[in-house]
Amino acid sequence: MVHIACTGTGIIMSQEFGLVEPAVFQAYAFWAAVLGLKMLLMSVLTGLLRGSKKVFSNPEDVKPGGKLAYDDPDVERVRRAHRNDMENILPYFIISFLYMFTNPSITVAVNLFRLVALVRIGHTVFHVLVPVHKFRGMAWATGFFTTVFMGVQIVLHFL
């Protein structure tokens, strides 16, 4: 049975596996919201780019002077960055949420959440705005292996 209590300092959920420190939950909520908004902005960016370049993916959306195209390199670059977000940020949301229940150090958890968010933003910058493969790869790897680290910590904690 899970118990949920709302205190003056935050929401605490508990079970035999422990409490979620309010500061850890606050950091998770903040950085998860930042990443969620970032992913939503990628959809908007794709639409704005399609409109400015007059390339559309649905026949009914084609405006006068526009064309139906599925291969515009600029639009596809933004779409690939968005897809990479979905492949990496969505698992991060689940794993980092579960990580909170392992009773991590506040400092470690807050900095892991912050790190993943910042490198995912960096990944997008180096994928879409300033295409630099080396930095994009380092940003991806940092976020990926940080998420793997949290996942391993969960598995070890609940063994």
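Reader: What share of the contacts between residues at least 6 apart in sequence join residues at least 24 apart?
Author: This is a predicted model, in which local features need pLDDT of at least 70, side-chain atom pairs count only at pLDDT 80 or more, and totals for chains, interfaces and linings use all residues. Residues are numbered from 1 along each chain as its sequence is written, and side-chain values use heavy atoms, with hydrogens and water left out. A contact means heavy atoms within 4.5 Å. Among contacts between residues at least 6 apart in sequence, the share that joins residues at least 24 apart is 63%.

Reader: In what order do the elements run from the N terminus on?
Author: Helices (H or I, at least four residues) and strands (E, at least two) are DSSP runs, numbered from the N terminus. The protein has four helices and four strands. From the N terminus on, they run β-β-α-β-β-α-α-α.

Reader: How much of the protein is made up of buried residues?
Author: Buried means under 20% relative accessible area, exposed means over 50%, and partly exposed is in between (1.4 Å probe, protein chains only). The protein has 159 residues, and the buried part of them comes to 36%.

Reader: How far apart are the end C-alpha atoms of α1?
Author: The expected span of a helix is 1.5 Å times one less than its number of residues. With 32 residues, α1 should span 46 Å, and the model agrees, as its end C-alpha atoms are separated by 46 Å.

Reader: Is α1 roughly parallel or antiparallel to α3?
Author: Angles run from 0 to 180 degrees between N-to-C directions, and axes are lines fitted to C-alpha atoms, for helices over the stretch in contact. Under 35 degrees counts as roughly parallel, over 145 as roughly antiparallel, 65 to 115 as roughly perpendicular and the rest as oblique. α1 and α3 pack at about 10°, with axes 8 Å apart. That makes the pair roughly parallel.

Reader: How do the residues of the contact of α1 with α3 divide?
Author: On the α1 side they include W31, L35 and M42, and on the α3 side they include F113, A117 and I121. Ala, Val, Leu, Ile, Met, Phe, Trp, Tyr, Cys and Pro count as nonpolar, Asp, Glu, Lys and Arg as charged, and the others, Gly among them, as polar. The split for this contact is 17 nonpolar, one polar and three charged.

Reader: Which residue with a positive phi follows α1?
Author: Most residues other than glycine have a negative phi. The one to look for lies in the loop between α1 and β3 (55-56), and at 40% relative accessibility it counts as partly exposed. Its phi is about 55° although it is not a glycine, and it is K54.

Reader: Are α2 and α3 roughly parallel or antiparallel?
Author: Helix α2 covers residues 73-99 and helix α3 covers 106-129, and their axes are 10 Å apart. They pack at about 175°. The two helices are therefore roughly antiparallel.

Reader: What separates the C-alpha atoms of S105 and E21?
Author: S105 lies in the loop between α2 and α3 and counts as partly exposed at 38% relative accessibility. N103 lies in that loop too, but N103 is exposed, with a relative accessible area of 58%. S105 and E21 are 84 residues apart along the chain, yet their C-alpha atoms are separated by 9.2 Å.

Reader: Which element gives the most to the largest nonpolar core?
Author: A nonpolar core is a set of buried Ala, Val, Leu, Ile, Met, Phe, Trp, Tyr and Cys residues joined through side-chain atoms within 4.5 Å. This one has 22 residues, of which Y92, F93, Y99, F113 and M150 touch the most other members. Two or more residues come from each of α1 (22-53), α2, α3 and α4 (133-158). The biggest giver, with seven residues, is α1.

Reader: Which residues does F93 contact, leaving aside neighbours within four places in sequence?
Author: F93 is one of the core members that touch the most others. With those neighbours left aside, F93 is in contact with Y28, A32, L35 and G36.

Reader: And which residues does T147 contact, again leaving aside neighbours within four places in sequence?
Author: T147 is found in helix α4 and counts as buried at 9% relative accessibility. The buried residues of α4 pack against α2 and α3. For T147, the contacts are Y92, I95 and V116.
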